[in-house]
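Visitor: I'd like to learn how to read a structure like this one, feature by feature. Can you walk me through it?

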Amino acid sequence: MQIFFINNDGAGFADTIDVPEGTTIETLFAEKLPGRRAEDYLIRVDRQPVAREQVLTPGCRVSITPTKIAGAKIAKASITAGDCILH
Amino acid sequence: MRIKHNWRKDRSLRLAILIHHALQNRRFHRRYYQLQNLIDSMQSLKKQRTRLEIAAENQWHLAHRHLQQSVNWELTNAAEYLRLAQIEQQQNRHPPVVLSARQIHQELLALHNEFEAVQIQTRPWRIAVTTEPIELEQIHLGRFRVELQVPQLLTGHYDSEAFQIVALDPNPAASNEDVPHPHVRGELLCSGEATVPLGNALKEGRLLDAFVLIQRVLQTYNSHSAYVNLESWSGESCEDCGEEMDSDDAYTCERCQNRLCGDCMSSCASCDGCYCRRCLRRSNDDELLCERCRGVCRDCGAIALASELEEHDGRCHACHQTLTEAGAAAVTALVPTQSIGETS
(Lines give C-alpha, C1' and ligand atoms only; values in the text may rest on other atoms or scores of the structure.)
Protein backbone atom coordinates (compact mmCIF):
# COMPACT_ATOMS: atom_id res chain seq x y z
CA MET A 1 0.00 0.00 0.00
CA GLN A 2 1.06 3.61 -0.45
CA ILE A 3 1.38 6.24 2.24
CA PHE A 4 2.53 9.86 2.20
CA PHE A 5 5.69 10.07 4.29
CA ILE A 6 7.29 13.31 5.50
CA ASN A 7 10.69 13.22 7.16
CA ASN A 8 11.44 16.62 8.69
CA ASP A 9 14.78 15.38 10.01
CA GLY A 10 17.43 16.83 7.72
CA ALA A 11 15.99 17.76 4.36
CA GLY A 12 12.30 17.61 5.13
CA PHE A 13 11.68 15.08 2.44
CA ALA A 14 8.08 14.34 1.54
CA ASP A 15 7.11 11.55 -0.82
CA THR A 16 4.66 8.80 -1.46
CA ILE A 17 6.19 5.46 -0.47
CA ASP A 18 5.17 1.83 -0.56
CA VAL A 19 4.89 -0.07 2.72
CA PRO A 20 3.62 -3.60 3.42
CA GLU A 21 0.10 -4.00 4.73
CA GLY A 22 0.00 -4.07 8.52
CA THR A 23 3.04 -1.84 8.98
CA THR A 24 3.00 -0.06 12.32
CA ILE A 25 4.34 3.39 13.00
CA GLU A 26 7.07 1.81 15.14
CA THR A 27 8.23 -0.41 12.24
CA LEU A 28 8.23 2.49 9.81
CA PHE A 29 10.21 4.67 12.22
CA ALA A 30 12.82 1.96 12.76
CA GLU A 31 13.17 1.50 9.01
CA LYS A 32 13.38 5.17 8.08
CA LEU A 33 15.43 6.45 11.02
CA PRO A 34 17.54 3.50 12.15
CA GLY A 35 19.37 4.00 15.41
CA ARG A 36 17.22 6.97 16.47
CA ARG A 37 14.98 7.11 19.51
CA ALA A 38 11.27 7.61 18.85
CA GLU A 39 10.93 9.81 21.94
CA ASP A 40 13.17 12.40 20.27
CA TYR A 41 10.59 12.92 17.53
CA LEU A 42 7.06 14.17 17.09
CA ILE A 43 5.31 11.46 15.13
CA ARG A 44 1.97 12.31 13.58
CA VAL A 45 -0.40 10.26 11.46
CA ASP A 46 -2.94 12.35 9.58
CA ARG A 47 -1.74 15.31 11.68
CA GLN A 48 -2.63 13.60 14.97
CA PRO A 49 -0.34 12.11 17.66
CA VAL A 50 -0.44 8.31 17.64
CA ALA A 51 0.61 5.31 19.68
CA ARG A 52 3.67 3.41 18.39
CA GLU A 53 1.65 0.27 17.66
CA GLN A 54 -0.78 2.14 15.40
CA VAL A 55 -1.18 0.33 12.10
CA LEU A 56 -0.84 2.49 9.02
CA THR A 57 -3.68 2.67 6.54
CA PRO A 58 -3.50 3.25 2.78
CA GLY A 59 -3.13 6.91 1.85
CA CYS A 60 -2.37 8.08 5.38
CA ARG A 61 -0.02 11.00 6.00
CA VAL A 62 2.89 10.25 8.35
CA SER A 63 5.20 13.02 9.52
CA ILE A 64 8.30 12.74 11.69
CA THR A 65 9.77 15.92 13.19
CA PRO A 66 12.66 16.15 15.65
CA THR A 67 11.70 17.62 19.01
CA LYS A 68 14.99 19.56 19.10
CA ILE A 69 16.14 21.57 16.10
CA ALA A 70 19.15 23.83 16.48
CA GLY A 71 18.63 27.40 15.41
CA ALA A 72 21.46 29.78 14.63
CA LYS A 73 22.26 33.45 14.77
CA ILE A 74 22.59 34.60 11.20
CA ALA A 75 19.68 34.70 8.83
CA LYS A 76 21.19 36.47 5.88
CA ALA A 77 24.52 38.16 6.13
CA SER A 78 24.78 41.84 5.45
CA ILE A 79 27.54 44.25 6.16
CA THR A 80 26.38 47.39 7.85
CA ALA A 81 28.25 49.98 9.83
CA GLY A 82 26.50 48.79 12.97
CA ASP A 83 27.90 45.28 12.52
CA CYS A 84 31.45 46.46 12.26
CA ILE A 85 34.09 46.96 14.83
CA LEU A 86 37.13 48.76 13.56
CA HIS A 87 40.46 48.01 15.19
CA MET B 1 -31.08 18.54 2.07
CA ARG B 2 -27.54 19.29 1.04
CA ILE B 3 -26.16 22.48 2.57
CA LYS B 4 -23.98 24.39 0.17
CA HIS B 5 -20.75 25.54 1.80
CA ASN B 6 -20.20 29.25 1.37
CA TRP B 7 -16.44 29.17 0.81
CA ARG B 8 -16.29 32.93 0.35
CA LYS B 9 -17.12 33.36 4.05
CA ASP B 10 -14.75 30.64 5.21
CA ARG B 11 -11.51 32.55 5.74
CA SER B 12 -9.27 29.50 6.09
CA LEU B 13 -10.67 27.89 2.98
CA ARG B 14 -10.21 31.08 0.96
CA LEU B 15 -6.65 31.26 2.17
CA ALA B 16 -6.03 27.60 1.35
CA ILE B 17 -7.25 28.15 -2.22
CA LEU B 18 -5.11 31.27 -2.56
CA ILE B 19 -1.95 29.51 -1.30
CA HIS B 20 -2.57 26.42 -3.43
CA HIS B 21 -2.90 28.43 -6.66
CA ALA B 22 0.10 30.61 -5.87
CA LEU B 23 2.39 27.69 -5.01
CA GLN B 24 1.28 25.60 -7.94
CA ASN B 25 2.45 28.26 -10.35
CA ARG B 26 5.95 28.51 -8.93
CA ARG B 27 8.94 27.22 -10.87
CA PHE B 28 10.17 24.69 -8.28
CA HIS B 29 7.51 22.22 -9.31
CA ARG B 30 9.38 21.65 -12.50
CA ARG B 31 11.81 18.80 -12.71
CA TYR B 32 15.33 19.16 -11.29
CA TYR B 33 14.19 21.58 -8.63
CA GLN B 34 16.73 20.25 -6.11
CA LEU B 35 19.40 20.93 -8.70
CA GLN B 36 18.06 24.47 -8.99
CA ASN B 37 18.15 24.79 -5.17
CA LEU B 38 21.81 23.76 -5.29
CA ILE B 39 22.55 26.36 -7.99
CA ASP B 40 20.74 29.07 -5.97
CA SER B 41 22.75 28.07 -2.91
CA MET B 42 26.03 28.29 -4.85
CA GLN B 43 25.08 31.73 -6.14
CA SER B 44 24.35 32.83 -2.59
CA LEU B 45 27.80 31.53 -1.56
CA LYS B 46 29.37 33.52 -4.39
CA LYS B 47 27.77 36.73 -3.08
CA GLN B 48 28.82 35.94 0.46
CA ARG B 49 32.40 35.36 -0.63
CA THR B 50 32.46 38.90 -2.05
CA ARG B 51 31.12 40.23 1.25
CA LEU B 52 33.72 38.23 3.16
CA GLU B 53 36.46 39.79 1.06
CA ILE B 54 35.09 43.29 1.69
CA ALA B 55 34.92 42.63 5.43
CA ALA B 56 38.46 41.21 5.47
CA GLU B 57 39.92 44.09 3.45
CA ASN B 58 38.33 46.65 5.73
CA GLN B 59 39.20 44.72 8.87
CA TRP B 60 35.55 44.59 9.95
CA HIS B 61 36.27 41.76 12.33
CA LEU B 62 32.81 41.33 13.83
CA ALA B 63 31.10 41.44 10.42
CA HIS B 64 33.70 39.00 9.10
CA ARG B 65 32.98 36.56 11.90
CA HIS B 66 29.21 36.82 11.32
CA LEU B 67 29.71 36.26 7.60
CA GLN B 68 31.85 33.20 8.22
CA GLN B 69 29.03 31.68 10.26
CA SER B 70 26.58 32.57 7.52
CA VAL B 71 28.81 30.89 4.95
CA ASN B 72 29.00 27.80 7.17
CA TRP B 73 25.21 27.54 7.25
CA GLU B 74 24.96 28.07 3.51
CA LEU B 75 27.58 25.36 2.97
CA THR B 76 25.50 23.02 5.13
CA ASN B 77 22.44 23.86 3.03
CA ALA B 78 24.40 23.41 -0.20
CA ALA B 79 25.61 20.00 0.99
CA GLU B 80 22.02 18.98 1.72
CA TYR B 81 20.82 20.25 -1.68
CA LEU B 82 23.70 18.38 -3.33
CA ARG B 83 22.64 15.17 -1.60
CA LEU B 84 19.02 15.69 -2.66
CA ALA B 85 20.00 16.61 -6.21
CA GLN B 86 21.97 13.34 -6.43
CA ILE B 87 18.93 11.39 -5.21
CA GLU B 88 16.80 13.31 -7.68
CA GLN B 89 19.11 12.32 -10.52
CA GLN B 90 19.61 8.69 -9.45
CA GLN B 91 16.00 7.89 -8.72
CA ASN B 92 14.50 10.18 -11.32
CA ARG B 93 12.30 11.31 -8.44
CA HIS B 94 9.27 13.32 -9.28
CA PRO B 95 9.27 16.92 -8.15
CA PRO B 96 7.27 17.56 -4.99
CA VAL B 97 3.61 18.12 -5.42
CA VAL B 98 1.83 21.04 -3.84
CA LEU B 99 -0.93 19.95 -1.52
CA SER B 100 -4.42 20.41 -2.85
CA ALA B 101 -6.48 23.34 -1.56
CA ARG B 102 -8.45 20.84 0.52
CA GLN B 103 -5.26 19.44 2.06
CA ILE B 104 -3.92 22.94 2.78
CA HIS B 105 -7.25 23.70 4.43
CA GLN B 106 -6.76 20.60 6.61
CA GLU B 107 -3.29 21.84 7.49
CA LEU B 108 -4.78 25.15 8.63
CA LEU B 109 -7.43 23.41 10.72
CA ALA B 110 -4.82 21.11 12.27
CA LEU B 111 -2.95 24.15 13.62
CA HIS B 112 -5.70 24.38 16.27
CA ASN B 113 -4.65 20.98 17.65
CA GLU B 114 -1.02 21.99 17.89
CA PHE B 115 -1.13 25.55 19.20
CA GLU B 116 -2.95 27.44 21.93
CA ALA B 117 -4.21 30.26 19.75
CA VAL B 118 -4.56 30.38 15.98
CA GLN B 119 -5.63 33.44 14.06
CA ILE B 120 -6.15 33.95 10.36
CA GLN B 121 -6.24 37.58 9.39
CA THR B 122 -6.95 39.22 6.08
CA ARG B 123 -5.56 42.37 4.47
CA PRO B 124 -2.80 41.41 4.45
CA TRP B 125 -3.27 37.68 4.81
CA ARG B 126 -1.54 36.43 7.89
CA ILE B 127 -1.60 33.19 9.89
CA ALA B 128 -0.62 33.65 13.53
CA VAL B 129 -0.15 31.00 16.20
CA THR B 130 0.91 31.40 19.81
CA THR B 131 3.41 29.05 21.38
CA GLU B 132 3.23 27.86 24.94
CA PRO B 133 5.63 29.66 27.33
CA ILE B 134 9.20 28.84 26.41
CA GLU B 135 11.89 28.29 28.99
CA LEU B 136 15.45 27.42 27.99
CA GLU B 137 18.22 26.63 30.47
CA GLN B 138 15.96 27.88 33.27
CA ILE B 139 15.51 31.28 31.62
CA HIS B 140 11.91 32.22 31.02
CA LEU B 141 11.51 33.67 27.53
CA GLY B 142 7.72 33.68 27.53
CA ARG B 143 5.24 32.99 24.76
CA PHE B 144 5.91 33.86 21.14
CA ARG B 145 3.50 34.70 18.37
CA VAL B 146 4.63 33.11 15.13
CA GLU B 147 3.14 34.91 12.15
CA LEU B 148 3.33 33.66 8.60
CA GLN B 149 3.15 36.67 6.32
CA VAL B 150 1.28 35.12 3.41
CA PRO B 151 2.27 37.85 0.89
CA GLN B 152 5.92 36.99 1.66
CA LEU B 153 5.21 33.33 0.98
CA LEU B 154 3.39 34.13 -2.23
CA THR B 155 6.29 36.22 -3.46
CA GLY B 156 8.77 33.39 -3.06
CA HIS B 157 10.11 33.63 0.48
CA TYR B 158 10.28 29.97 1.40
CA ASP B 159 12.30 30.45 4.55
CA SER B 160 12.13 31.96 8.01
CA GLU B 161 11.92 35.44 6.46
CA ALA B 162 8.29 34.68 5.70
CA PHE B 163 7.68 34.56 9.46
CA GLN B 164 7.60 37.21 12.12
CA ILE B 165 8.41 36.07 15.64
CA VAL B 166 6.91 38.36 18.25
CA ALA B 167 7.71 37.98 21.94
CA LEU B 168 4.44 38.29 23.86
CA ASP B 169 6.05 38.30 27.32
CA PRO B 170 9.39 39.81 26.35
CA ASN B 171 12.45 39.03 28.40
CA PRO B 172 15.18 40.17 26.01
CA ALA B 173 18.90 39.80 26.56
CA ALA B 174 20.25 42.55 28.81
CA SER B 175 23.03 43.25 26.32
CA ASN B 176 20.68 43.58 23.34
CA GLU B 177 17.01 44.42 23.65
CA ASP B 178 16.58 43.37 20.05
CA VAL B 179 17.18 39.72 20.99
CA PRO B 180 14.12 38.18 22.69
CA HIS B 181 15.36 34.62 22.08
CA PRO B 182 18.87 33.23 21.48
CA HIS B 183 17.97 32.60 17.83
CA VAL B 184 15.72 35.60 17.15
CA ARG B 185 16.89 39.09 16.34
CA GLY B 186 14.27 41.76 15.90
CA GLU B 187 11.37 39.64 14.73
CA LEU B 188 13.40 37.31 12.54
CA LEU B 189 14.27 33.75 13.45
CA CYS B 190 17.42 32.15 12.17
CA SER B 191 16.08 28.68 11.53
CA GLY B 192 19.48 26.94 11.43
CA GLU B 193 19.03 23.20 10.90
CA ALA B 194 15.36 23.74 10.08
CA THR B 195 16.18 25.86 7.02
CA VAL B 196 15.96 23.13 4.39
CA PRO B 197 12.93 21.23 5.78
CA LEU B 198 11.17 24.55 6.37
CA GLY B 199 11.78 25.61 2.78
CA ASN B 200 10.45 22.31 1.47
CA ALA B 201 7.39 22.44 3.75
CA LEU B 202 6.51 25.97 2.59
CA LYS B 203 7.02 25.14 -1.08
CA GLU B 204 4.64 22.20 -0.81
CA GLY B 205 2.01 24.01 1.25
CA ARG B 206 2.66 21.88 4.36
CA LEU B 207 1.86 24.76 6.68
CA LEU B 208 1.44 22.64 9.81
CA ASP B 209 4.94 21.20 9.34
CA ALA B 210 6.32 24.72 8.79
CA PHE B 211 4.82 26.06 12.02
CA VAL B 212 5.88 22.98 14.00
CA LEU B 213 9.45 23.31 12.69
CA ILE B 214 9.54 26.96 13.81
CA GLN B 215 8.13 25.94 17.19
CA ARG B 216 10.80 23.24 17.62
CA VAL B 217 13.58 25.72 16.83
CA LEU B 218 12.15 28.13 19.40
CA GLN B 219 12.13 25.34 21.96
CA THR B 220 15.76 24.41 21.31
CA TYR B 221 18.90 26.19 22.43
CA ASN B 222 22.03 25.99 20.33
CA SER B 223 24.79 27.52 22.42
CA HIS B 224 27.25 27.34 19.50
CA SER B 225 25.36 29.84 17.41
CA ALA B 226 23.22 32.16 19.49
CA TYR B 227 22.83 35.92 19.11
CA VAL B 228 23.27 36.11 22.87
CA ASN B 229 24.21 33.06 24.92
CA LEU B 230 21.85 32.16 27.70
CA GLU B 231 24.80 31.95 30.10
CA SER B 232 25.09 35.73 29.82
CA TRP B 233 21.44 36.53 29.14
CA SER B 234 21.30 38.97 32.00
CA GLY B 235 24.82 40.23 31.28
CA GLU B 236 26.13 42.55 28.60
CA SER B 237 28.32 42.47 25.52
CA CYS B 238 31.82 43.83 25.02
CA GLU B 239 31.70 46.99 22.91
CA ASP B 240 34.95 46.06 21.19
CA CYS B 241 34.62 42.42 20.18
CA GLY B 242 30.89 41.93 20.69
CA GLU B 243 31.31 38.87 22.92
CA GLU B 244 28.86 38.50 25.78
CA MET B 245 30.27 38.89 29.26
CA ASP B 246 29.17 38.81 32.81
CA SER B 247 28.60 42.35 34.12
CA ASP B 248 30.75 41.57 37.14
CA ASP B 249 33.69 40.77 34.87
CA ALA B 250 33.32 43.87 32.67
CA TYR B 251 35.71 46.82 32.59
CA THR B 252 34.94 50.44 31.73
CA CYS B 253 37.29 52.52 29.59
CA GLU B 254 38.27 55.56 31.67
CA ARG B 255 38.16 57.81 28.60
CA CYS B 256 35.23 56.75 26.37
CA GLN B 257 33.29 54.78 29.03
CA ASN B 258 32.90 51.77 26.69
CA ARG B 259 32.24 48.47 28.46
CA LEU B 260 34.89 45.86 27.71
CA CYS B 261 35.70 42.23 28.31
CA GLY B 262 39.00 41.20 29.89
CA ASP B 263 40.54 40.34 26.51
CA CYS B 264 39.82 43.77 25.04
CA MET B 265 40.77 45.78 28.12
CA SER B 266 44.25 47.33 28.12
CA SER B 267 46.03 49.46 30.67
CA CYS B 268 48.20 52.53 30.42
CA ALA B 269 51.87 51.67 31.00
CA SER B 270 52.29 54.84 33.01
CA CYS B 271 49.23 55.33 35.22
CA ASP B 272 47.90 51.74 35.02
CA GLY B 273 44.43 53.09 34.15
CA CYS B 274 41.89 50.87 32.35
CA TYR B 275 41.28 51.76 28.70
CA CYS B 276 40.08 50.32 25.42
CA ARG B 277 42.70 49.94 22.69
CA ARG B 278 41.29 52.89 20.71
CA CYS B 279 41.97 55.27 23.59
CA LEU B 280 45.61 54.21 23.97
CA ARG B 281 48.54 55.05 21.66
CA ARG B 282 51.77 53.12 21.34
CA SER B 283 54.80 55.26 22.20
CA ASN B 284 58.10 55.13 20.39
CA ASP B 285 59.32 53.06 23.31
CA ASP B 286 56.58 50.53 22.49
CA GLU B 287 54.45 51.32 25.51
CA LEU B 288 50.68 51.86 25.47
CA LEU B 289 49.89 55.28 26.91
CA CYS B 290 46.63 57.05 27.71
CA GLU B 291 45.77 60.58 26.60
CA ARG B 292 46.77 62.09 29.96
CA CYS B 293 50.11 60.34 30.20
CA ARG B 294 51.31 60.79 26.64
CA GLY B 295 52.60 63.78 24.74
CA VAL B 296 53.98 64.54 21.32
CA CYS B 297 57.57 65.69 20.83
CA ARG B 298 57.59 69.26 19.48
CA ASP B 299 60.43 68.40 17.10
CA CYS B 300 59.90 64.93 15.66
CA GLY B 301 56.24 64.27 16.57
CA ALA B 302 57.10 61.05 18.37
CA ILE B 303 54.71 59.82 21.08
CA ALA B 304 56.35 59.68 24.49
CA LEU B 305 55.59 59.99 28.18
CA ALA B 306 54.34 63.53 28.87
CA SER B 307 56.51 63.74 31.99
CA GLU B 308 59.64 63.02 29.91
CA LEU B 309 58.70 65.69 27.38
CA GLU B 310 58.16 68.26 30.09
CA GLU B 311 61.52 67.35 31.54
CA HIS B 312 63.13 67.97 28.14
CA ASP B 313 61.31 71.17 27.21
CA GLY B 314 58.62 69.45 25.12
CA ARG B 315 61.14 67.32 23.24
CA CYS B 316 61.58 63.58 23.40
CA HIS B 317 64.71 62.12 24.84
CA ALA B 318 66.25 61.52 21.40
CA CYS B 319 65.55 65.06 20.15
CA HIS B 320 66.74 66.49 23.42
CA GLN B 321 69.91 64.43 23.12
CA THR B 322 70.43 65.53 19.51
CA LEU B 323 69.88 69.15 20.46
CA THR B 324 72.24 68.89 23.40
CA GLU B 325 74.91 67.28 21.28
CA ALA B 326 74.42 69.88 18.53
CA GLY B 327 74.69 72.65 21.14
CA ALA B 328 77.78 71.10 22.62
CA ALA B 329 79.31 70.77 19.16
CA ALA B 330 78.55 74.41 18.42
CA VAL B 331 80.13 75.46 21.69
CA THR B 332 83.11 73.22 21.00
CA ALA B 333 83.41 74.74 17.56
CA LEU B 334 83.16 78.23 19.02
CA VAL B 335 85.63 77.75 21.88
CA PRO B 336 88.68 76.76 19.77
CA THR B 337 88.01 79.73 17.45
CA GLN B 338 88.11 82.12 20.38
CA SER B 339 91.18 80.35 21.72
CA ILE B 340 92.93 80.71 18.39
CA GLY B 341 92.03 84.41 18.33
CA GLU B 342 93.30 84.89 21.81
CA THR B 343 96.49 83.03 20.98
CA SER B 344 97.14 85.01 17.87
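Guide: Sure. Keep in mind that this is a predicted model. Let's begin with burial: W125(B) counts as buried because its relative accessibility is 18%, and the cut-off for buried is under 20%.

Visitor: Where does W125(B) lie?

Guide: Look in the loop between β1 (117–121) and β2 (126–130) of chain B.

Visitor: And which residues does W125(B) touch?

Guide: Leaving out residues up to four places away in sequence, W125(B) touches R11(B), R14(B), L15(B), L18(B), I120(B), L148(B), Q149(B), V150(B) and P151(B). Take L148(B) from that list: W125(B) and L148(B) are 23 residues apart in sequence, with 8.6 Å between their C-alpha atoms.

Visitor: What else should I look at in that loop?

Guide: Check the peptide bonds. Most peptide bonds are trans. Here the bond from R123(B) to P124(B) is cis, with omega near -5°, and P124(B) belongs to the loop between β1 and β2 of chain B.

Visitor: Now sheets, please. How do I read one?

Guide: Strands of a sheet pair through backbone hydrogen bonds, either parallel or antiparallel. In chain B, four strands make an open sheet in the order β1-β2-β5-β6, with antiparallel pairing. β1 and β6 (163–167) of chain B are at the edges with a single partner strand each, so one side of each has no neighbour in the sheet. On average, neighbouring strands of this sheet are turned by 15° against each other, direction ignored.

Visitor: How many bridges join β2(B) to β5 of chain B?

Guide: Five, and the two strands run antiparallel; β5 of chain B covers residues 144–149. For one example, R126(B) has Q149(B) as its bridge partner in β5(B).

Visitor: What about the sheet in chain A?

Guide: That one is an open sheet of five strands, β2-β1-β5-β3-β4, and its pairing is mixed. β2 (13–18) and β4 (48–49) of chain A are the edge strands, each pairing on one side only. To see the mix, start with β1 (residues 2–7) and β5 (residues 61–66) of chain A, which pair in the parallel sense over four bridges. β1(A) and β2(A), by contrast, run antiparallel and are joined by six bridges. F4(A) has T16(A) as its bridge partner in β2(A), while I6(A) has S63(A) in β5(A).

Visitor: Which residue takes a positive phi in the hairpin of β1(A) and β2(A)?

Guide: G10(A), at near 90°; the hairpin has five residues between its strands.

Visitor: Where do I find a positive phi outside glycine?

Guide: Most residues other than glycine have a negative phi. E137(B) has a positive one of about 50°, in the loop between β3 (134–136) and β4 (139–142) of chain B. D286(B) has one of about 65°, in the loop between β15 (281–282) and β16 (288–289) of chain B.

Visitor: Is E137(B) buried or exposed?

Guide: E137(B) counts as exposed because its relative accessibility is 55%, with the cut-off at over 50%. D286(B) is exposed too, at 52%.

Visitor: One more: how about a surface patch?

Guide: Try Y32(B), L35(B) and I39(B), which make a nonpolar surface patch of about 260 Å². I39(B) sits in helix α2 (residues 33–57) of chain B and is partly exposed, with a relative accessible area of 36%.

Terms used. Residues are numbered from 1 along each chain as its sequence is written. Chains are lettered from A and ligands numbered from 1 in the order in which they are written. This is a predicted model: local features need pLDDT of at least 70, side-chain atom pairs count only at pLDDT 80 or more; totals for chains, interfaces and linings use all residues. Side-chain values use heavy atoms; hydrogens and water are left out. Patches are made of residues with over 30% relative accessible area and no salt bridge: like charges are joined within 9 Å, nonpolar side chains (Val, Leu, Ile, Met, Phe, Trp, Tyr) within 5 Å. Accessible areas come from the Shrake-Rupley method with a 1.4 Å probe; for residues, only the protein chains shown count as cover. A salt bridge is a side-chain nitrogen of Lys or Arg within 4 Å of a carboxyl oxygen of Asp or Glu. Buried means under 20% relative accessible area, exposed over 50%, partly exposed in between (1.4 Å probe, protein chains only). Two strands pair if DSSP finds at least two bridges between them. Contact means heavy atoms within 4.5 Å. Axes are lines fitted to C-alpha atoms, for helices over the stretch in contact, and angles run from 0 to 180 degrees between N-to-C directions.
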